[in-house]
Amino acid sequence: EKGETLLEISQAFRLLGVGGILVGDDLDWPAVESDLKAFLQTAPDTAGADDDLLSSLPGLLFCPDGYWVLDATPRQWVLRKRGGNLEELGRELEREINGEQP
């Protein structure tokens with residue numbers, strides 16, 4: 001259902017560490033694609049077409065809407081959490097040192 005995937009992506013991305021990869025399926029379902037695009041409109045720091053790791057994987061294509069697509073049947077979507085700025089990395093490290101969950 002519309003909105004369900006948005007909630008799942010939002011929660012999973014929040015828990016994902018810097019550089020982590022989130023993969024989802026059913027991209028061919030209109031509700032999933034709509035929720036993925038809605039999530040990306042919240043301006044998360046995700047890897048774009050210039051990501052060296054994702055661009056090196058065969059069958060993985062960058063979509064102009066801001067996510068990666070695994071060219072398979074059914075299609076799958078891929079997001080990678082960027083976060084290369086030192087301030088964010090410092091916060092992640094401090095949370096880890098303090099034993100906090102991401």
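Trainee: Let's start with Ser-55. Which backbone oxygen does the side chain of Ser-55 reach at 3.3 Å?
Mentor: That is the backbone oxygen of Asp-52. Keep in mind as we go that this is a predicted model.

Trainee: Okay. And which backbone oxygen lies 2.6 Å from a polar atom of that Ser-55 side chain?
Mentor: The one belonging to Asp-51. So the notes for the Ser-55 side chain include the backbone oxygen of Asp-51 at 2.6 Å and the backbone oxygen of Asp-52 at 3.3 Å.

Trainee: Where does Ser-55 lie?
Mentor: Ser-55 is part of helix H3, which covers residues 52–55.

Trainee: Is Ser-55 buried, exposed or partly exposed?
Mentor: Ser-55 counts as partly exposed, because its relative accessibility is 41%.

Trainee: What is Ser-55 in contact with, leaving aside its neighbours within four places in sequence?
Mentor: With those neighbours left aside, Ser-55 is in contact with Ala-49 and Trp-68. Trp-68 is 13 residues from Ser-55 in sequence, and their C-alpha atoms are 9.1 Å apart in space.

Trainee: Back to Asp-51, then. Where does Asp-51 lie?
Mentor: You'll find Asp-51 in the loop between H2 and H3. Its relative accessibility is 11%, so Asp-51 counts as buried.

Trainee: Which backbone nitrogen lies 2.7 Å from a polar atom of the Asp-51 side chain?
Mentor: The backbone nitrogen of Leu-54. Asp-51 therefore appears twice in our chat: its side chain has a polar atom 2.7 Å from the nitrogen of Leu-54, while its backbone oxygen lies 2.6 Å from a polar atom of the Ser-55 side chain.

Trainee: What else is Asp-51 in contact with, beyond neighbours within four places in sequence?
Mentor: Trp-68 and Arg-80. You met Trp-68 a moment ago as a contact of Ser-55.

Trainee: Switching to the helices. At what angle do H1 and H2 pack?
Mentor: At about 45 degrees, with the axes 8 Å apart. That makes H1 oblique to H2. H1 spans residues 4–15, and H2 spans residues 30–40.

Trainee: Is the crossing of H1 and H2 left-handed or right-handed?
Mentor: Right-handed.

Trainee: Which residues in H1 and H2 meet?
Mentor: From H1 you have Glu-4, Thr-5, Leu-6, Ile-9, Ser-10 and Phe-13, and they meet Val-32, Asp-35, Leu-36, Ala-38 and Phe-39 in H2. The residues of this contact divide into seven nonpolar, two polar and two charged.

Trainee: Tell me about Ser-10. Which backbone oxygen lies 2.8 Å from a polar atom of the side chain of Ser-10?
Mentor: The backbone oxygen of Leu-6. Ser-10 sits in helix H1, and Ser-10 is partly exposed because its relative accessible area is 27%. Across to H2, the C-alpha atoms of Ser-10 and Phe-39 are separated by 6.9 Å, although these two are 29 residues apart along the chain.

Trainee: And on the H2 side, is Ala-38 buried, exposed or partly exposed?
Mentor: Ala-38 counts as partly exposed, with a relative accessibility of 31%. Ala-38 lies in helix H2, and its C-alpha is 18 Å from that of Leu-16, which is 22 residues away in sequence.

Trainee: Back to the loop between H2 and H3. Is Thr-46 buried or exposed?
Mentor: Thr-46 is buried, with a relative accessible area of 13%. Thr-46 belongs to that loop. Not counting residues up to four places away in sequence, Thr-46 touches Phe-13, Leu-40, Gly-66, Leu-79, Arg-80 and Arg-82.

Trainee: How about Ala-43, buried or exposed?
Mentor: Ala-43 counts as exposed, at 61% relative accessibility. Ala-43 is also found in the loop between H2 and H3.

Trainee: Last topic, backbone oddities. Which residues does a cis peptide bond join?
Mentor: Thr-73 and Pro-74, with omega at about -5 degrees. Pro-74 lies in the loop between strand E3 (67–70) and strand E4 (76–80).

Trainee: Which residue has a positive phi although it is not a glycine?
Mentor: Asp-26, with a phi of about 60 degrees. Asp-26 lies in the loop between strand E1 (21–24) and H2.

Trainee: Why point these out?
Mentor: Because most residues other than glycine have a negative phi, and most peptide bonds are trans.

Key
Residues are numbered from 1 along each chain as its sequence is written. This is a predicted model: local features need pLDDT of at least 70, side-chain atom pairs count only at pLDDT 80 or more; totals for chains, interfaces and linings use all residues. Side-chain values use heavy atoms; hydrogens and water are left out. Axes are lines fitted to C-alpha atoms, for helices over the stretch in contact, and angles run from 0 to 180 degrees between N-to-C directions. Helices (H or I, at least four residues) and strands (E, at least two) are DSSP runs, numbered from the N terminus. Angles under 35 degrees count as roughly parallel, over 145 as roughly antiparallel, 65 to 115 as roughly perpendicular and the rest as oblique. A crossing is left-handed if the near helix is turned anticlockwise from the far one by less than a right angle, and right-handed if clockwise. Contact means heavy atoms within 4.5 Å. Ala, Val, Leu, Ile, Met, Phe, Trp, Tyr, Cys and Pro count as nonpolar, Asp, Glu, Lys and Arg as charged, and the others, Gly among them, as polar. Buried means under 20% relative accessible area, exposed over 50%, partly exposed in between (1.4 Å probe, protein chains only). A polar contact is a pair of N or O atoms within 3.5 Å; within protein, one must be able to donate a hydrogen and the other to accept it, and residues adjacent in sequence count only if both atoms are side-chain atoms.
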